[in-house]
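Biologist: Could you walk me through this structure a piece at a time? I would like to begin with how the helices pack.

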Amino acid sequence: MMKSALRDIVKPVSLLLAIANAQIYLMLPAIANKIPHASLPHASSNASLKIVQQPLRNATTAICPAQLETAIATTIDRPQLNRARWGISIQTVNRGDLLYSRDAQNYFIPASNVKLFTTAAALQRLGSQFQIRTSVYPTIAGGLQVIGRGDPSLSDIQLQALAKQIKQQQIHRISQLVAEDDYFQGSIINPSWQWEDINADYGAPVNSLILNQNTVKLTAIPQQVGQPLRLNWSDLREGMQWQLENEAIAVPASKSSRIIVSRNSGAAVLKVTGKMGIDAPSESINLAVVDPKAHFLRHFQRRLAQAGITLSPGNELVQQQERQSTLGLREIAFVVSPPLSELLVETNQQSNNLYAEALLRILGVRVQLTPTTRSTADIGLQNVKETLTTLGVDPTGYALADGSGLSRQNLASPVAIAQTLRVMANSPLATVYRTSLPVAGVSGTLKSRFQGTTAQGIVLAKTGTMSGVVALSGYINPPNYEPLVFSIIVNQSDQPTSVLRQTIDRIVLFLTRLQRC
(Lines give C-alpha, C1' and ligand atoms only; values in the text may rest on other atoms or scores of the structure.)
Protein backbone atom coordinates (compact mmCIF):
# COMPACT_ATOMS: atom_id res chain seq x y z
CA MET A 1 0.00 0.00 0.00
CA MET A 2 2.41 2.60 -1.04
CA LYS A 3 1.15 5.90 0.21
CA SER A 4 1.26 9.36 -1.30
CA ALA A 5 -0.03 12.55 0.22
CA LEU A 6 -2.79 13.01 -2.35
CA ARG A 7 -4.91 16.14 -2.25
CA ASP A 8 -7.90 14.07 -3.26
CA ILE A 9 -8.24 10.55 -4.54
CA VAL A 10 -7.11 11.29 -8.06
CA LYS A 11 -6.85 8.58 -10.70
CA PRO A 12 -5.06 9.93 -13.76
CA VAL A 13 -5.65 8.07 -16.97
CA SER A 14 -4.79 8.18 -20.65
CA LEU A 15 -1.94 10.58 -21.43
CA LEU A 16 -1.19 11.29 -17.76
CA LEU A 17 -0.55 7.60 -17.16
CA ALA A 18 1.80 7.43 -20.10
CA ILE A 19 3.80 10.36 -18.74
CA ALA A 20 3.92 8.93 -15.22
CA ASN A 21 5.15 5.59 -16.53
CA ALA A 22 7.83 7.05 -18.73
CA GLN A 23 11.36 6.31 -17.56
CA ILE A 24 13.37 9.42 -16.86
CA TYR A 25 17.06 9.70 -17.41
CA LEU A 26 19.27 12.21 -15.61
CA MET A 27 22.31 13.39 -17.53
CA LEU A 28 25.29 13.58 -15.21
CA PRO A 29 28.76 15.00 -15.94
CA ALA A 30 31.77 12.74 -15.71
CA ILE A 31 33.94 13.31 -12.70
CA ALA A 32 37.18 14.58 -14.16
CA ASN A 33 40.26 12.58 -13.19
CA LYS A 34 38.23 10.64 -10.63
CA ILE A 35 35.87 8.29 -12.47
CA PRO A 36 36.56 7.36 -16.10
CA HIS A 37 34.41 9.30 -18.51
CA ALA A 38 33.02 6.10 -19.97
CA SER A 39 31.31 5.34 -16.68
CA LEU A 40 29.10 8.44 -16.61
CA PRO A 41 27.21 10.29 -19.36
CA HIS A 42 28.21 13.81 -20.33
CA ALA A 43 26.17 16.77 -19.15
CA SER A 44 25.21 19.78 -21.18
CA SER A 45 27.67 22.68 -21.17
CA ASN A 46 25.67 24.70 -18.65
CA ALA A 47 25.66 21.74 -16.20
CA SER A 48 21.89 21.86 -15.92
CA LEU A 49 19.81 18.81 -14.99
CA LYS A 50 18.60 17.55 -18.32
CA ILE A 51 15.67 15.14 -18.32
CA VAL A 52 15.01 12.84 -21.27
CA GLN A 53 12.86 9.77 -21.58
CA GLN A 54 15.56 7.12 -21.52
CA PRO A 55 16.33 4.13 -19.26
CA LEU A 56 18.77 4.48 -16.40
CA ARG A 57 22.19 3.71 -17.83
CA ASN A 58 24.01 0.90 -16.05
CA ALA A 59 27.65 1.93 -15.70
CA THR A 60 29.94 -0.86 -14.52
CA THR A 61 33.30 0.88 -13.91
CA ALA A 62 34.52 0.33 -10.37
CA ILE A 63 34.56 3.17 -7.84
CA CYS A 64 37.05 3.54 -5.02
CA PRO A 65 35.79 4.65 -1.59
CA ALA A 66 37.86 7.82 -1.92
CA GLN A 67 35.90 8.75 -5.06
CA LEU A 68 32.49 8.30 -3.44
CA GLU A 69 32.19 11.81 -1.98
CA THR A 70 32.87 13.46 -5.32
CA ALA A 71 30.53 11.10 -7.16
CA ILE A 72 27.64 11.78 -4.80
CA ALA A 73 28.26 15.54 -4.72
CA THR A 74 28.22 15.70 -8.50
CA THR A 75 24.92 13.84 -8.50
CA ILE A 76 22.97 15.94 -6.00
CA ASP A 77 24.68 19.37 -5.95
CA ARG A 78 22.93 20.66 -9.05
CA PRO A 79 20.90 23.85 -9.56
CA GLN A 80 17.58 22.06 -9.93
CA LEU A 81 18.10 20.28 -6.60
CA ASN A 82 19.59 23.13 -4.57
CA ARG A 83 16.39 23.76 -2.61
CA ALA A 84 16.18 20.15 -1.48
CA ARG A 85 17.53 18.86 1.84
CA TRP A 86 19.59 15.70 1.53
CA GLY A 87 20.39 13.36 4.39
CA ILE A 88 22.71 10.43 3.65
CA SER A 89 24.51 7.86 5.78
CA ILE A 90 26.52 4.99 4.30
CA GLN A 91 28.26 2.50 6.59
CA THR A 92 29.69 -0.98 6.55
CA VAL A 93 27.43 -3.58 8.13
CA ASN A 94 29.90 -5.40 10.34
CA ARG A 95 32.09 -2.67 11.83
CA GLY A 96 30.00 0.41 11.14
CA ASP A 97 32.81 2.14 9.24
CA LEU A 98 31.49 5.42 7.84
CA LEU A 99 31.97 5.74 4.09
CA TYR A 100 29.86 8.85 3.52
CA SER A 101 27.71 11.22 5.56
CA ARG A 102 25.70 14.30 4.66
CA ASP A 103 23.56 15.95 7.33
CA ALA A 104 23.07 12.41 8.61
CA GLN A 105 22.49 13.48 12.23
CA ASN A 106 19.69 15.90 11.30
CA TYR A 107 15.98 15.18 11.34
CA PHE A 108 14.09 14.49 8.12
CA ILE A 109 10.53 13.39 7.36
CA PRO A 110 11.20 9.71 6.58
CA ALA A 111 7.84 8.70 5.03
CA SER A 112 7.50 4.90 4.95
CA ASN A 113 11.05 4.36 6.19
CA VAL A 114 9.33 4.55 9.59
CA LYS A 115 8.30 0.93 8.96
CA LEU A 116 11.94 -0.08 9.43
CA PHE A 117 11.69 0.98 13.09
CA THR A 118 8.24 -0.55 13.66
CA THR A 119 8.99 -3.93 12.09
CA ALA A 120 12.39 -4.21 13.80
CA ALA A 121 10.80 -3.65 17.21
CA ALA A 122 7.88 -5.99 16.49
CA LEU A 123 10.22 -8.76 15.37
CA GLN A 124 12.44 -8.32 18.40
CA ARG A 125 9.54 -8.15 20.90
CA LEU A 126 7.14 -10.72 19.44
CA GLY A 127 9.36 -13.20 17.60
CA SER A 128 9.12 -14.40 14.02
CA GLN A 129 6.48 -17.08 14.78
CA PHE A 130 4.05 -14.80 16.59
CA GLN A 131 0.46 -15.11 15.32
CA ILE A 132 -2.68 -13.05 15.93
CA ARG A 133 -5.77 -14.95 17.08
CA THR A 134 -9.41 -14.05 16.38
CA SER A 135 -11.83 -15.93 18.66
CA VAL A 136 -15.54 -16.68 18.87
CA TYR A 137 -17.30 -17.49 22.17
CA PRO A 138 -20.96 -18.20 22.95
CA THR A 139 -22.86 -15.61 24.97
CA ILE A 140 -25.08 -16.43 27.91
CA ALA A 141 -28.05 -15.09 25.95
CA GLY A 142 -27.51 -17.60 23.14
CA GLY A 143 -25.54 -15.42 20.80
CA LEU A 144 -21.99 -15.26 19.49
CA GLN A 145 -19.25 -12.94 20.66
CA VAL A 146 -16.29 -12.27 18.35
CA ILE A 147 -13.07 -11.04 19.92
CA GLY A 148 -10.65 -9.32 17.57
CA ARG A 149 -6.98 -8.78 18.32
CA GLY A 150 -5.99 -6.64 15.36
CA ASP A 151 -5.20 -9.21 12.67
CA PRO A 152 -4.63 -7.04 9.55
CA SER A 153 -4.72 -10.10 7.27
CA LEU A 154 -8.27 -11.15 8.20
CA SER A 155 -10.53 -11.52 5.16
CA ASP A 156 -13.82 -13.10 4.13
CA ILE A 157 -11.96 -16.38 3.68
CA GLN A 158 -11.21 -16.50 7.41
CA LEU A 159 -14.82 -15.55 8.22
CA GLN A 160 -15.96 -18.54 6.19
CA ALA A 161 -13.63 -20.75 8.23
CA LEU A 162 -15.08 -19.37 11.48
CA ALA A 163 -18.64 -19.95 10.26
CA LYS A 164 -17.80 -23.55 9.32
CA GLN A 165 -16.34 -24.24 12.77
CA ILE A 166 -19.44 -22.78 14.44
CA LYS A 167 -21.76 -24.87 12.28
CA GLN A 168 -19.82 -27.97 13.36
CA GLN A 169 -20.91 -27.14 16.94
CA GLN A 170 -24.50 -27.81 15.81
CA ILE A 171 -25.42 -24.13 16.12
CA HIS A 172 -28.14 -23.13 13.66
CA ARG A 173 -29.67 -19.98 15.15
CA ILE A 174 -28.23 -17.20 17.33
CA SER A 175 -29.92 -14.48 19.34
CA GLN A 176 -27.26 -11.84 18.73
CA LEU A 177 -23.89 -11.26 17.13
CA VAL A 178 -21.54 -9.25 19.35
CA ALA A 179 -18.33 -7.57 18.20
CA GLU A 180 -15.65 -7.14 20.87
CA ASP A 181 -13.52 -4.45 19.28
CA ASP A 182 -11.68 -2.93 22.23
CA TYR A 183 -8.38 -4.82 22.13
CA PHE A 184 -6.85 -1.58 20.83
CA GLN A 185 -7.65 1.54 22.87
CA GLY A 186 -7.82 5.04 21.43
CA SER A 187 -8.71 6.55 18.07
CA ILE A 188 -8.85 4.25 15.06
CA ILE A 189 -7.37 7.08 12.96
CA ASN A 190 -4.10 8.79 13.84
CA PRO A 191 -4.93 12.44 14.65
CA SER A 192 -1.85 13.66 12.76
CA TRP A 193 -2.89 12.10 9.44
CA GLN A 194 -4.20 14.46 6.78
CA TRP A 195 -7.86 14.32 5.86
CA GLU A 196 -7.25 13.50 2.22
CA ASP A 197 -5.13 10.51 3.27
CA ILE A 198 -7.78 8.92 5.49
CA ASN A 199 -10.21 8.87 2.57
CA ALA A 200 -7.98 6.39 0.74
CA ASP A 201 -7.17 2.73 1.29
CA TYR A 202 -3.64 3.55 2.45
CA GLY A 203 -5.16 5.59 5.32
CA ALA A 204 -7.76 3.03 6.41
CA PRO A 205 -8.81 3.02 10.09
CA VAL A 206 -7.04 0.60 12.43
CA ASN A 207 -9.29 -1.26 14.87
CA SER A 208 -9.30 -4.66 16.59
CA LEU A 209 -11.59 -6.36 14.05
CA ILE A 210 -10.02 -5.47 10.72
CA LEU A 211 -11.60 -7.08 7.65
CA ASN A 212 -10.44 -6.94 4.03
CA GLN A 213 -7.99 -4.24 5.16
CA ASN A 214 -10.98 -2.02 6.02
CA THR A 215 -11.50 -0.96 2.42
CA VAL A 216 -14.21 -1.08 -0.21
CA LYS A 217 -13.82 -0.62 -3.98
CA LEU A 218 -15.75 1.78 -6.21
CA THR A 219 -15.40 1.48 -10.00
CA ALA A 220 -16.16 4.30 -12.44
CA ILE A 221 -17.18 3.40 -16.00
CA PRO A 222 -17.82 5.89 -18.85
CA GLN A 223 -21.14 5.62 -20.67
CA GLN A 224 -22.52 8.06 -23.26
CA VAL A 225 -20.82 11.42 -23.86
CA GLY A 226 -22.27 14.04 -21.55
CA GLN A 227 -23.86 11.45 -19.28
CA PRO A 228 -22.81 10.69 -15.67
CA LEU A 229 -20.31 7.90 -15.18
CA ARG A 230 -21.66 4.56 -14.01
CA LEU A 231 -20.43 3.85 -10.47
CA ASN A 232 -20.30 0.22 -9.35
CA TRP A 233 -19.47 -1.10 -5.89
CA SER A 234 -17.46 -4.31 -5.54
CA ASP A 235 -19.80 -5.14 -2.64
CA LEU A 236 -23.30 -3.79 -3.17
CA ARG A 237 -24.29 -4.18 0.46
CA GLU A 238 -21.30 -2.15 1.57
CA GLY A 239 -22.01 0.41 -1.11
CA MET A 240 -25.45 0.93 0.40
CA GLN A 241 -23.71 2.40 3.47
CA TRP A 242 -22.60 5.39 1.40
CA GLN A 243 -24.50 8.30 -0.11
CA LEU A 244 -23.16 9.06 -3.59
CA GLU A 245 -23.17 12.47 -5.23
CA ASN A 246 -22.15 11.71 -8.80
CA GLU A 247 -21.15 14.78 -10.82
CA ALA A 248 -18.55 13.04 -13.03
CA ILE A 249 -19.36 12.80 -16.74
CA ALA A 250 -18.12 11.02 -19.86
CA VAL A 251 -16.42 13.18 -22.51
CA PRO A 252 -15.40 12.50 -26.14
CA ALA A 253 -12.58 10.08 -26.84
CA SER A 254 -8.96 11.25 -26.54
CA LYS A 255 -9.92 14.00 -24.11
CA SER A 256 -7.89 14.20 -20.90
CA SER A 257 -9.51 12.38 -18.02
CA ARG A 258 -9.50 13.05 -14.30
CA ILE A 259 -11.69 11.70 -11.51
CA ILE A 260 -11.79 13.13 -8.01
CA VAL A 261 -13.52 11.36 -5.14
CA SER A 262 -13.91 13.27 -1.89
CA ARG A 263 -15.64 12.40 1.36
CA ASN A 264 -17.49 14.76 3.65
CA SER A 265 -15.86 15.06 7.06
CA GLY A 266 -17.40 12.62 9.53
CA ALA A 267 -20.03 11.35 7.11
CA ALA A 268 -20.40 8.49 4.65
CA VAL A 269 -21.06 10.87 1.77
CA LEU A 270 -18.95 10.54 -1.37
CA LYS A 271 -18.78 13.22 -4.03
CA VAL A 272 -17.44 12.11 -7.41
CA THR A 273 -16.41 14.84 -9.85
CA GLY A 274 -14.33 15.12 -13.00
CA LYS A 275 -14.50 13.50 -16.42
CA MET A 276 -13.48 10.36 -18.31
CA GLY A 277 -12.94 9.85 -22.00
CA ILE A 278 -15.59 7.62 -23.53
CA ASP A 279 -12.78 5.27 -24.65
CA ALA A 280 -11.01 5.24 -21.28
CA PRO A 281 -10.81 1.99 -19.30
CA SER A 282 -12.76 1.73 -16.07
CA GLU A 283 -11.11 3.20 -12.98
CA SER A 284 -11.20 1.43 -9.61
CA ILE A 285 -10.88 3.49 -6.45
CA ASN A 286 -10.20 1.81 -3.10
CA LEU A 287 -11.78 3.70 -0.22
CA ALA A 288 -11.40 3.42 3.54
CA VAL A 289 -14.57 2.26 5.29
CA VAL A 290 -16.17 4.73 7.67
CA ASP A 291 -17.26 2.29 10.42
CA PRO A 292 -14.95 -0.77 10.41
CA LYS A 293 -16.74 -2.54 13.28
CA ALA A 294 -20.12 -2.42 11.53
CA HIS A 295 -18.36 -3.44 8.33
CA PHE A 296 -17.04 -6.57 10.07
CA LEU A 297 -20.41 -7.49 11.58
CA ARG A 298 -22.27 -7.21 8.27
CA HIS A 299 -19.77 -9.47 6.54
CA PHE A 300 -19.71 -12.02 9.35
CA GLN A 301 -23.50 -12.21 9.52
CA ARG A 302 -23.50 -12.89 5.78
CA ARG A 303 -20.92 -15.71 6.12
CA LEU A 304 -22.88 -17.24 8.99
CA ALA A 305 -26.07 -17.16 6.93
CA GLN A 306 -24.28 -18.87 4.04
CA ALA A 307 -23.25 -21.60 6.49
CA GLY A 308 -26.87 -22.02 7.61
CA ILE A 309 -26.64 -20.04 10.84
CA THR A 310 -29.32 -17.36 11.11
CA LEU A 311 -29.86 -14.41 13.41
CA SER A 312 -33.22 -14.64 15.23
CA PRO A 313 -35.84 -12.21 13.86
CA GLY A 314 -36.09 -9.00 15.83
CA ASN A 315 -32.50 -9.17 17.04
CA GLU A 316 -29.58 -7.16 15.83
CA LEU A 317 -25.86 -6.89 15.39
CA VAL A 318 -24.25 -5.55 18.56
CA GLN A 319 -21.22 -3.29 18.50
CA GLN A 320 -20.11 -4.01 22.06
CA GLN A 321 -18.54 -1.02 23.77
CA GLU A 322 -17.12 -2.86 26.80
CA ARG A 323 -15.60 -6.29 26.80
CA GLN A 324 -17.77 -9.05 28.26
CA SER A 325 -16.03 -11.63 30.38
CA THR A 326 -15.30 -14.95 28.67
CA LEU A 327 -14.38 -16.69 31.94
CA GLY A 328 -15.97 -20.11 32.03
CA LEU A 329 -16.90 -19.92 28.34
CA ARG A 330 -15.45 -22.29 25.78
CA GLU A 331 -13.87 -20.89 22.63
CA ILE A 332 -15.93 -22.50 19.87
CA ALA A 333 -14.08 -21.13 16.85
CA PHE A 334 -10.84 -19.33 16.04
CA VAL A 335 -8.51 -18.40 13.22
CA VAL A 336 -4.92 -17.23 13.41
CA SER A 337 -2.92 -14.94 11.18
CA PRO A 338 0.16 -16.03 9.25
CA PRO A 339 3.32 -15.86 11.39
CA LEU A 340 4.90 -12.46 11.96
CA SER A 341 7.67 -13.28 9.48
CA GLU A 342 5.03 -13.31 6.72
CA LEU A 343 3.19 -10.26 8.02
CA LEU A 344 6.47 -8.32 7.86
CA VAL A 345 6.89 -9.19 4.19
CA GLU A 346 3.53 -7.58 3.40
CA THR A 347 4.34 -4.62 5.66
CA ASN A 348 7.72 -3.77 4.15
CA GLN A 349 7.63 -5.15 0.62
CA GLN A 350 4.23 -3.64 -0.19
CA SER A 351 4.62 -0.72 2.26
CA ASN A 352 1.30 -1.64 3.83
CA ASN A 353 0.33 1.09 6.29
CA LEU A 354 -2.51 -0.86 7.89
CA TYR A 355 -0.21 -3.78 8.74
CA ALA A 356 2.39 -1.45 10.26
CA GLU A 357 -0.20 0.35 12.37
CA ALA A 358 -1.72 -2.91 13.61
CA LEU A 359 1.71 -4.21 14.63
CA LEU A 360 2.44 -0.95 16.44
CA ARG A 361 -0.73 -1.32 18.51
CA ILE A 362 -0.07 -4.99 19.24
CA LEU A 363 3.21 -3.86 20.81
CA GLY A 364 1.18 -1.75 23.24
CA VAL A 365 -1.82 -3.90 24.17
CA ARG A 366 -0.38 -5.47 27.33
CA VAL A 367 0.33 -2.18 29.10
CA GLN A 368 -2.21 -0.23 31.19
CA LEU A 369 -3.11 3.20 29.82
CA THR A 370 -2.00 6.18 31.90
CA PRO A 371 -2.75 9.92 31.71
CA THR A 372 0.38 10.34 29.56
CA THR A 373 -0.48 7.43 27.25
CA ARG A 374 -3.72 8.25 25.52
CA SER A 375 -3.91 5.15 23.36
CA THR A 376 -2.52 1.72 22.62
CA ALA A 377 -0.64 3.31 19.72
CA ASP A 378 1.12 5.69 22.14
CA ILE A 379 2.29 2.74 24.23
CA GLY A 380 3.39 0.97 21.06
CA LEU A 381 5.56 3.95 20.15
CA GLN A 382 7.13 3.87 23.60
CA ASN A 383 7.85 0.17 23.22
CA VAL A 384 9.43 0.72 19.81
CA LYS A 385 11.83 3.23 21.34
CA GLU A 386 12.60 1.08 24.36
CA THR A 387 13.25 -1.98 22.21
CA LEU A 388 15.51 -0.22 19.72
CA THR A 389 17.39 1.59 22.49
CA THR A 390 18.15 -1.77 24.09
CA LEU A 391 19.50 -2.95 20.76
CA GLY A 392 21.79 0.08 20.49
CA VAL A 393 19.84 2.61 18.40
CA ASP A 394 20.19 6.21 19.61
CA PRO A 395 16.75 7.18 21.03
CA THR A 396 17.36 10.84 20.16
CA GLY A 397 17.78 9.98 16.49
CA TYR A 398 14.06 9.80 15.75
CA ALA A 399 10.67 10.98 17.01
CA LEU A 400 7.71 8.99 15.74
CA ALA A 401 4.03 9.92 15.53
CA ASP A 402 2.82 6.66 13.94
CA GLY A 403 4.04 3.22 12.92
CA SER A 404 3.67 3.51 9.16
CA GLY A 405 5.17 6.85 8.12
CA LEU A 406 1.94 8.40 6.87
CA SER A 407 2.19 11.24 9.39
CA ARG A 408 4.25 14.29 8.47
CA GLN A 409 5.06 14.67 12.16
CA ASN A 410 7.46 11.74 12.00
CA LEU A 411 11.12 12.72 12.20
CA ALA A 412 14.21 10.54 11.80
CA SER A 413 17.88 10.96 11.03
CA PRO A 414 19.62 8.82 8.40
CA VAL A 415 22.04 7.76 11.14
CA ALA A 416 19.23 6.33 13.28
CA ILE A 417 17.85 4.40 10.31
CA ALA A 418 21.31 3.07 9.46
CA GLN A 419 21.82 2.08 13.10
CA THR A 420 18.56 0.15 13.06
CA LEU A 421 19.57 -1.66 9.88
CA ARG A 422 22.96 -2.52 11.36
CA VAL A 423 21.72 -3.87 14.69
CA MET A 424 19.13 -6.01 12.91
CA ALA A 425 21.75 -7.29 10.46
CA ASN A 426 23.85 -8.46 13.39
CA SER A 427 20.96 -10.02 15.33
CA PRO A 428 19.72 -13.64 15.33
CA LEU A 429 16.65 -12.38 13.42
CA ALA A 430 18.70 -10.84 10.61
CA THR A 431 17.49 -13.19 7.88
CA VAL A 432 13.81 -12.67 8.71
CA TYR A 433 14.24 -8.90 8.77
CA ARG A 434 16.16 -8.78 5.49
CA THR A 435 13.66 -11.07 3.78
CA SER A 436 10.87 -8.63 4.59
CA LEU A 437 12.47 -5.89 2.45
CA PRO A 438 11.87 -5.27 -1.26
CA VAL A 439 14.62 -6.59 -3.54
CA ALA A 440 15.86 -4.27 -6.30
CA GLY A 441 14.41 -5.24 -9.67
CA VAL A 442 12.74 -8.31 -8.17
CA SER A 443 10.02 -7.73 -5.59
CA GLY A 444 7.75 -5.34 -3.73
CA THR A 445 7.98 -1.61 -4.24
CA LEU A 446 11.41 -2.05 -5.91
CA LYS A 447 10.26 -4.56 -8.49
CA SER A 448 10.25 -2.03 -11.33
CA ARG A 449 13.39 -0.18 -10.17
CA PHE A 450 17.00 -1.11 -10.93
CA GLN A 451 16.06 -3.78 -13.46
CA GLY A 452 19.02 -4.68 -15.64
CA THR A 453 21.48 -2.73 -13.46
CA THR A 454 24.27 -3.72 -11.10
CA ALA A 455 21.83 -3.20 -8.21
CA GLN A 456 19.35 -5.86 -9.28
CA GLY A 457 19.16 -8.66 -6.74
CA ILE A 458 21.85 -7.26 -4.40
CA VAL A 459 20.00 -4.26 -2.93
CA LEU A 460 17.33 -4.86 -0.29
CA ALA A 461 15.73 -1.60 0.78
CA LYS A 462 12.62 0.13 2.10
CA THR A 463 11.12 2.86 -0.04
CA GLY A 464 9.34 5.96 1.19
CA THR A 465 7.36 8.55 -0.75
CA MET A 466 5.05 11.47 -0.06
CA SER A 467 4.79 14.97 -1.52
CA GLY A 468 8.27 16.53 -1.43
CA VAL A 469 9.75 13.47 0.27
CA VAL A 470 11.58 10.47 -1.19
CA ALA A 471 13.58 7.97 0.86
CA LEU A 472 15.41 4.69 0.34
CA SER A 473 17.22 2.81 3.10
CA GLY A 474 18.52 -0.73 3.30
CA TYR A 475 21.32 -3.15 2.55
CA ILE A 476 23.74 -3.56 -0.35
CA ASN A 477 26.01 -6.52 -1.01
CA PRO A 478 28.55 -5.15 -3.54
CA PRO A 479 30.31 -8.00 -5.36
CA ASN A 480 33.74 -6.43 -4.78
CA TYR A 481 33.25 -4.79 -1.39
CA GLU A 482 31.96 -5.67 2.06
CA PRO A 483 28.20 -5.43 2.83
CA LEU A 484 26.80 -1.95 3.42
CA VAL A 485 23.86 -0.26 5.09
CA PHE A 486 22.61 3.03 3.69
CA SER A 487 19.92 5.61 4.29
CA ILE A 488 19.15 8.32 1.74
CA ILE A 489 16.36 10.84 2.39
CA VAL A 490 15.44 13.96 0.45
CA ASN A 491 12.98 16.53 1.82
CA GLN A 492 11.57 19.87 0.70
CA SER A 493 12.06 19.36 -3.01
CA ASP A 494 9.97 20.89 -5.78
CA GLN A 495 11.21 18.32 -8.30
CA PRO A 496 8.99 15.46 -9.52
CA THR A 497 9.20 12.24 -7.52
CA SER A 498 10.60 10.45 -10.57
CA VAL A 499 13.58 12.83 -10.72
CA LEU A 500 14.35 12.38 -7.03
CA ARG A 501 14.12 8.61 -7.30
CA GLN A 502 16.45 8.55 -10.28
CA THR A 503 18.95 10.67 -8.38
CA ILE A 504 18.81 8.33 -5.37
CA ASP A 505 19.13 5.33 -7.67
CA ARG A 506 22.34 6.72 -9.16
CA ILE A 507 23.85 7.00 -5.70
CA VAL A 508 22.89 3.39 -5.02
CA LEU A 509 24.49 2.29 -8.28
CA PHE A 510 27.73 3.95 -7.20
CA LEU A 511 27.66 1.82 -4.05
CA THR A 512 27.15 -1.41 -5.98
CA ARG A 513 30.40 -0.70 -7.89
CA LEU A 514 32.61 -0.07 -4.86
CA GLN A 515 35.88 -1.92 -4.54
CA ARG A 516 38.94 -1.51 -2.38
CA CYS A 517 41.62 0.50 -4.15
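Modeller: This is a predicted model, and in it the axes of helix α3 (residues 114-126) and helix α10 (residues 376-391) come within 9 Å and cross at roughly 75°. Angles of 65 to 115 degrees count as roughly perpendicular, and α3 and α10 are therefore roughly perpendicular to each other.

Biologist: Which residues in α3 and α10 meet?

Modeller: On the α3 side they are Phe117, Ala120, Ala121, Gln124 and Arg125, and these meet Asn383, Val384, Glu386, Thr387, Leu388 and Leu391 in α10. Sorted by character, the residues of the contact of α3 with α10 divide into six nonpolar, three polar and two charged.

Biologist: And leucine 126, where is its place?

Modeller: Leucine 126 is in helix α3. Leaving aside residues up to four places away in sequence, leucine 126 touches Leu340, Ile362 and Leu363. With leucine 340 the separation along the chain is 214 residues, while the C-alpha atoms of the two leucines are separated by 8.0 Å.

Biologist: Changing topic to the open sheet of five strands, what is the order of the strands?

Modeller: The order is β5-β4-β24-β23-β22, and the pairing is antiparallel. The edge strands are β5 (98-102) and β22 (459-466), each of which pairs on one side only. From one strand to the next, the twist averages 5°.

Biologist: What actually holds strands of a sheet together as pairs?

Modeller: In general, strands of a sheet pair through backbone hydrogen bonds, and the pairing can be either parallel or antiparallel.

Biologist: OK, and over how many bridges do β22 and β23 pair?

Modeller: Strand β23 (residues 469-476) and β22 pair over eight bridges, in the antiparallel sense. To pick out one position to look for, alanine 461 stands opposite glycine 474 in β23.

Biologist: Which helix packs on the sheet?

Modeller: Helix α13 (residues 497-512) packs on the sheet, where it touches β4 (85-92), β22, β23 and β24 (484-491). The direction of α13 makes about 20° with that of β23.

Biologist: What about the loop between β24 and α13, which residue there has a positive phi?

Modeller: That is glutamine 492, which has its place in the loop between β24 and α13 and has a phi near 55°, a positive value in a residue other than glycine.

Biologist: Is glutamine 492 buried or exposed?

Modeller: Exposed counts as over 50% relative accessible area, and glutamine 492, with a value of 54%, is therefore exposed. Glutamine 170 also has a positive phi, of about 60°, although it is not a glycine. Glutamine 170 is found in the loop between α4 (156-167) and β8 (173-174), and it is exposed, with a relative accessible area of 59%.

Biologist: New topic, then: how many disulfides does a search of the whole structure find?

Modeller: The search finds one disulfide. Cysteine 64 and cysteine 517 form it, with their sulfur atoms 1.7 Å apart.

Biologist: Where do cysteine 64 and cysteine 517 lie?

Modeller: Cysteine 64 lies in the loop between β3 (51-52) and α2 (68-76), and cysteine 517 lies in the segment after α13, so the pair ties together parts that are 453 residues apart in sequence. At 60% relative accessibility, cysteine 517 counts as exposed.

Biologist: Last one, is the disulfide left-handed or right-handed?

Modeller: The torsion about the S-S bond of cysteine 64 and cysteine 517 is about -135°, so the disulfide is left-handed.

Note on methods
Residues are numbered from 1 along each chain as its sequence is written. This is a predicted model: local features need pLDDT of at least 70, side-chain atom pairs count only at pLDDT 80 or more; totals for chains, interfaces and linings use all residues. Side-chain values use heavy atoms; hydrogens and water are left out. Two strands pair if DSSP finds at least two bridges between them. Helices (H or I, at least four residues) and strands (E, at least two) are DSSP runs, numbered from the N terminus. Axes are lines fitted to C-alpha atoms, for helices over the stretch in contact, and angles run from 0 to 180 degrees between N-to-C directions. Contact means heavy atoms within 4.5 Å. Angles under 35 degrees count as roughly parallel, over 145 as roughly antiparallel, 65 to 115 as roughly perpendicular and the rest as oblique. Ala, Val, Leu, Ile, Met, Phe, Trp, Tyr, Cys and Pro count as nonpolar, Asp, Glu, Lys and Arg as charged, and the others, Gly among them, as polar. Buried means under 20% relative accessible area, exposed over 50%, partly exposed in between (1.4 Å probe, protein chains only). A disulfide is a pair of cysteine sulfur atoms within 2.5 Å.
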